Amino acid sequence: MTTERADGGALVAAVEEYATEVLLPGALEADRTEVPRRHLEWLAERGLLSWGATAEDPRVSVTLDDQRRVSELIAGACPNTWLVWTQHSAVVPSLLALLSDDPPAPLRDVLRPGALLGVAMSDLRGYPRRNLRARPRADGGWLVDGSVSWFTGHGLCTHVLLGAVSEEGEEPQVVVALVPLDERIGASPLPLVALTGSRTVSLTLDGVEIRPEEVLVTQTYASWSERDLRTADGPQPHVFGLAERIVDELRSTGSAEAVEAADAWGEAIGRLRARSYAEADRGGEGDVSLALKVGAHEALGVLSDALVSARGGRGLLETERAQLYARAALFFRVQGQSARVRRAQLTAAAQAAQTARD
Ligand SMILES: Cc1cc2nc3c(=O)[nH]c(=O)nc-3n(C[C@H](O)[C@H](O)[C@H](O)COP(=O)(O)OP(=O)(O)OC[C@H]3O[C@@H](n4cnc5c(N)ncnc54)[C@H](O)[C@@H]3O)c2cc1C
């Protein structure tokens, strides 16, 4: 990971201050209504949308430790803002790494000030039950049809990264394209009960024309899936950020038992986080990584329940953050969920029943 930004510490400190003074106090309002545009503007102004990447020098970056800390801080302070922000900030650098020699025009477009990328990729995991379909055009472009189950950041995003499957060849191909989010793409609201301010909608595409230059990658479905599994399995910083926030709030309730739970969980989360990041640094694939991911989500569930216990019935009022965290923890469980992650989560649930019975 390149470390060309000299002021990583100052950047993290600025994010911590913004998270404490703006994101956290506004988190319930953002959840009840919508993530405000100014949150994304603040992050963009500090180079946090593309980790400092610019069209001129897309390789400028911050350290991986700083990236993780920033993600933890934003997620812990305002899960809705984090979800909108991460669509762009997590995806653009990996696209740049993949296509770094000469970023194609659409990718350079989303590096410009004011641009914000949203992602419509998760339905690819449901192929062939549910996915966008691509048909080739004579000019090398594609026609894309179908619906997208989830798209976060609608109303703020200027571009969409979409994945569609073509069955024209011998084996299915995934077409990944980056297009402006305009009137050709319809949007419908979703009756969500978690991350309700994240501006998440479903999209409809009816013969949307994708120009050849808008296509970033075409690859076999098998190779797309193999790569996706590697990135989808493994605990991510936002889970630890929210866990850390809940530990802090538990501690601040002042009851001796809540403080005891906070102390115990503070240490446990710290160890889980250290092991998870060490595992990710070693490559982060396989059963260890998967077990850490499932364990991190289980821990977050226990912690968010504990905060509700500490707050009592008032924890379920819309003016209380305990209920926001409990619902966000549920979302983090399913975010980027692969078939393998789901199996591991359900196996863990079966094992918990065994423990409960004994
Ligand atoms: C609030 C919110 C915002 C989101 N924002 C985005 C976004 O901006 N962009 C985006 O791309 N996605 C987004 N998602 C999707 C999210 O990241 C997850 O992928 C999604 O929640 C997983 O659930 P699903 O219902 O879509 O998938 P499911 O269809 O339930 O599938 C999940 C996994 O389980 C497997 N599976 C499903 N059924 C079976 C079965 N019967 N047997 C075996 N395996 C099975 C699937 O193959 C897949 O791998 C969002 C989701 C939510 C709730």
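Visitor: Where does Arg 68 lie?

Guide: Arg 68 lies in helix H3. The model is a predicted one.

Visitor: What makes Arg 68 count as buried?

Guide: Its relative accessible area is 9%. Buried means under 20%. The value falls under that cut-off, so Arg 68 is buried.

Visitor: Which residues does Arg 68 touch, leaving out those up to four places away in sequence?

Guide: Arg 68 touches Pro 237, Tyr 277, Ala 280 and Asp 281.

Visitor: Why is the pairing of Arg 68 and Asp 281 called a polar contact?

Guide: The contact between the two side chains is 2.9 Å. The cut-off is within 3.5 Å for a pair of N or O atoms, one able to donate a hydrogen and the other to accept it. The distance fits, so the pair counts as a polar contact.

Visitor: Pro 237 belongs to helix H7. How do you know that the length of H7 agrees with its 16 residues?

Guide: H7 covers residues 237–252. At 1.5 Å a residue, H7 should span 22 Å. Its end C-alpha atoms are 23 Å apart, which agrees.

Visitor: What makes H7 mostly covered?

Guide: Twelve of its 16 residues are buried. Among them are Pro 237, Phe 240, Arg 245 and Glu 249.

Visitor: Which helices do the buried residues of H7 pack against?

Guide: They pack against H1, H3, H4, H8, H9 and H10. After H7 comes Gly 254, with a positive phi near 90 degrees.

Visitor: Why is the pair Glu 213 and Arg 211 called a salt bridge?

Guide: The closest N and O atoms are 2.8 Å apart. The cut-off is within 4 Å, from a side-chain nitrogen of Lys or Arg to a carboxyl oxygen of Asp or Glu. The pair meets it, so the name applies. Side chains of opposite charge can pair when their charged atoms come close.

Visitor: Why is Glu 213 called partly exposed?

Guide: Its relative accessibility is 43%. Partly exposed lies between under 20% and over 50%, so Glu 213 fits. Arg 211 is also partly exposed, with a relative accessible area of 43%.

Visitor: Are the partners Arg 282 and Glu 279 buried or exposed?

Guide: Arg 282 has 63% relative accessibility. Exposed means over 50%, so Arg 282 counts as exposed. Glu 279 has 12%, under the 20% cut-off, and is therefore buried. Their side chains meet in a salt bridge of 2.9 Å, N to O.

Visitor: What is the N to O distance between Arg 311 and Glu 320?

Guide: The closest N and O atoms of this salt bridge are 3.0 Å apart. Both Arg 311 and Glu 320 are buried. Elsewhere, Arg 69, Glu 72, Glu 244 and Arg 273 are joined into one network by salt bridges that share partners.

Visitor: How many salt bridges are there in the whole structure, and how many between domain 1 and domain 2?

Guide: The whole structure has 27 salt bridges. Between domain 1 and domain 2 the count is one.

Visitor: What makes Glu 34 and Arg 199 a salt bridge?

Guide: Their side chains meet at 3.4 Å, N to O. That is within 4 Å, so the pair qualifies. On the side of domain 1 that touches domain 2, H4 gives the most, with ten residues.

Visitor: How much area do domain 1 and domain 2 bury between them?

Guide: About 1700 Å², with 65% of it on carbon and sulfur atoms. In contact are 22 residues of domain 1 and 20 residues of domain 2.

Technical notes: Residues are numbered from 1 along each chain as its sequence is written. This is a predicted model: local features need pLDDT of at least 70, side-chain atom pairs count only at pLDDT 80 or more; totals for chains, interfaces and linings use all residues. Side-chain values use heavy atoms; hydrogens and water are left out. Helices (H or I, at least four residues) and strands (E, at least two) are DSSP runs, numbered from the N terminus. The expected span of a helix is 1.5 Å times one less than its number of residues. Buried means under 20% relative accessible area, exposed over 50%, partly exposed in between (1.4 Å probe, protein chains only). Contact means heavy atoms within 4.5 Å. Buried area is the accessible area (1.4 Å probe) that two parts lose on being put together, summed over both.
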